[in-house]
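Please open the model in your viewer and keep the selection tool at hand. The tour below moves from one selection to the next and states what is to be found at each stop.

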Amino acid sequence: MTSTQLTGAESPLDALPGRWRSLRDAGPVTYDEERRQWHVVDHQGVAAILSDPATYSSDMTPIAPTQEDFETFTQGNFVGMDPPEHRKLRTLVSQAFTPRVVHGLAPRIEAICARLFDGVADRDRFDLVDTLAYPLPIIVIAELLGVPAEDHRLFQEWAATLFGGDQLGDSLDMADLERALEAIAPTVREMNGYVLDHIRRRRADPGDDLTSRLLSAEVDGTRLEDQEIVGFVALLLVAGHITTTALLGNAVVTFDRHPGTLAALRQDPARVPVAVEEVLRWLPPFPELGRRTTRTVELGGHEIPADTLLMVHLGAANRDPSRFTSPDVFDPARDPNPHLTFGHGIHFCFGAPLARLEARIALQMMMDRFPTIAVPSYDDVTYQNPAVIVGVRHLPIVVTRP
């Protein structure tokens, strides 16, 4: 089943495919004079860059603005690290997110979803983000880390500051990043203090959670320092939920705007995981990634010097006609679907199995509980800044019950 007809009022998300198409039309590798950065937009080129951390580094320290609080936070942020430091931290966290471990979380995820939906049992209209898309993944990640789930509103405030992008334009440059660092500094300071207190409590009273395991874990005979664990746990608390939050909202919006999708999935629930992959391709929560050249390279016929910022565009690559048939058609049965939404290479999102499982369980339970699910007015929907994250902040929906 495919769908090209949209329903509902125009959404800011509708403008993104046109922007990604314009980037591709300009060529696979282009230079933005205004922002002094290179853009790579084709699927093959993006995948190649993400697969070569020796040439295209995730460490932006040499070229990015600095801020003291953020520097402290990044000590444990392996997303911005290259080998061999990246391997040390990645090895530790990957043990907690193996397919077997993640699959074992399914009963708990189902119980959390059921409790959240029970909380709106007397309402036929509610905000999907406040009710489900935000609390579900933050409760799961909080339990994994052993931090109090009752603090989840605090984590939501942190994420809103870090990923809100309210002080940014519709495309990032270094000046934007410098303003962003100053704006988020108090939040990062608060996170550092909160997590450090949590680590100290776990040192005094270890439990069977990821934080406690990190305190005792060794890699190559070395244990992590407290500050490495602070940045690590803070990263998981914030980044560990935001992708699922965006994915669930994007799925409901996309299904609503492509009539017949939900009906087809109800008839064949086994296709829900495939439909989730198409939502990920269609609206990647993080549509761009930055990389820094470590040496002079030739890319797309251009010579690019060392310490140059490259923006690789996952959103554009996910609609590359050389890689996808009818890329501008939303096809919830698309298979195979080699999208790059979760990245590629050594930085492939370690939380991808958990995000997929949470989305599958939540969407299936929604369809089981509500015969119809609709967005009554897109005028009431509020959106994230797509330069930072593609998703909705608030999504009022109406449902019917059996």
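**First stop: S212**

Select S212, which is placed in helix α11 (residues 210-216); helices (H or I, at least four residues) and strands (E, at least two) are DSSP runs, numbered from the N terminus. The model is a predicted one, in which local features need pLDDT of at least 70 and side-chain atom pairs count only at pLDDT 80 or more, while totals for chains, interfaces and linings use all residues. Residues are numbered from 1 along each chain as its sequence is written, and side-chain values use heavy atoms, with hydrogens and water left out.

Is S212 buried or exposed? With a relative accessible area of 8%, S212 is buried; buried means under 20% relative accessible area, exposed over 50%, and partly exposed in between (1.4 Å probe, protein chains only). Display next R202, P206 and G207, with which S212 is in contact when its neighbours within four places in sequence are left aside; contact means heavy atoms within 4.5 Å. Add G146 to the selection: G146 and S212 are 66 residues apart in sequence, and their C-alpha atoms are 8.1 Å apart in space.

**The whole chain**

Zoom out to the full protein, which has 16 helices and 14 strands. Of its 402 residues, 55% are buried. Among contacts between residues at least 6 apart in sequence, 75% join residues at least 24 apart.

Colour the model by pLDDT, the predictor's confidence in each residue, from 0 to 100. The average for the protein is 88, and 89% of the residues score at least 70. Over residues 1-5 the pLDDT is below 50, and this stretch has 17 contacts in the model beyond near neighbours in sequence.

**Helix α14 and its surroundings**

Select helix α14 (residues 272-282), which is largely enclosed by the rest of the structure because 10 of its 11 residues are buried. The buried residues are V272, V274, A275, V276, E277, E278, V279, L280, R281 and W282. Show also α1 (16-25), α12 (226-257), α13 (261-267) and α16, which are included in what covers these buried residues.

Within α14, centre the view on E277. This residue is buried, with a relative accessible area of 16%. Which residues does E277 touch, not counting those up to four places away in sequence? They are N337, H339 and R356.

**Helix α6 against α16**

Two packed helices are described by the angle between their axes and the distance between the axes. Select helix α6 (residues 106-118) and helix α16 (residues 352-369), whose axes come within 10 Å and cross at roughly 45°. Axes are lines fitted to C-alpha atoms, for helices over the stretch in contact, and angles run from 0 to 180 degrees between N-to-C directions. The angle makes α6 oblique to α16; angles under 35 degrees count as roughly parallel, over 145 as roughly antiparallel, 65 to 115 as roughly perpendicular and the rest as oblique.

Show the side chains of the contact: A106, I109, E110, C113, A114, F117 and D118 on α6, with L354, L357, E358, I361, A362, M365, M366 and R369 on α16. These residues divide into 11 nonpolar, no polar and 4 charged. Here Ala, Val, Leu, Ile, Met, Phe, Trp, Tyr, Cys and Pro count as nonpolar, Asp, Glu, Lys and Arg as charged, and the others, Gly among them, as polar.

**Helix α6 against α8**

Keep α6 and add helix α8 (residues 135-145); the two axes come within 10 Å and cross at roughly 135°. This angle makes α6 oblique to α8. The contact is made by R108, I109, I112, C113, R115 and L116 of α6 and by P135, L136, I139, V140 and E143 of α8. By class, it has 8 nonpolar, no polar and 3 charged residues.

**Backbone stops in the loops**

Select P83 and P84, which are joined by a cis peptide bond with omega of about 5°. P84 lies in the loop between α3 (68-73) and α4 (85-94). Another cis peptide bond, with omega of about 5°, joins D335 and P336; P336 lies in the loop between α15 (314-317) and α16.

In that loop between α15 and α16, select also S326. S326 has a positive phi of about 45° although it is not a glycine, and at 42% relative accessibility it counts as partly exposed.

Finish at D307, in the loop between β9 (302-304) and β10 (309-313). D307, likewise not a glycine, has a positive phi of about 60°. Its relative accessibility of 40% makes it partly exposed.
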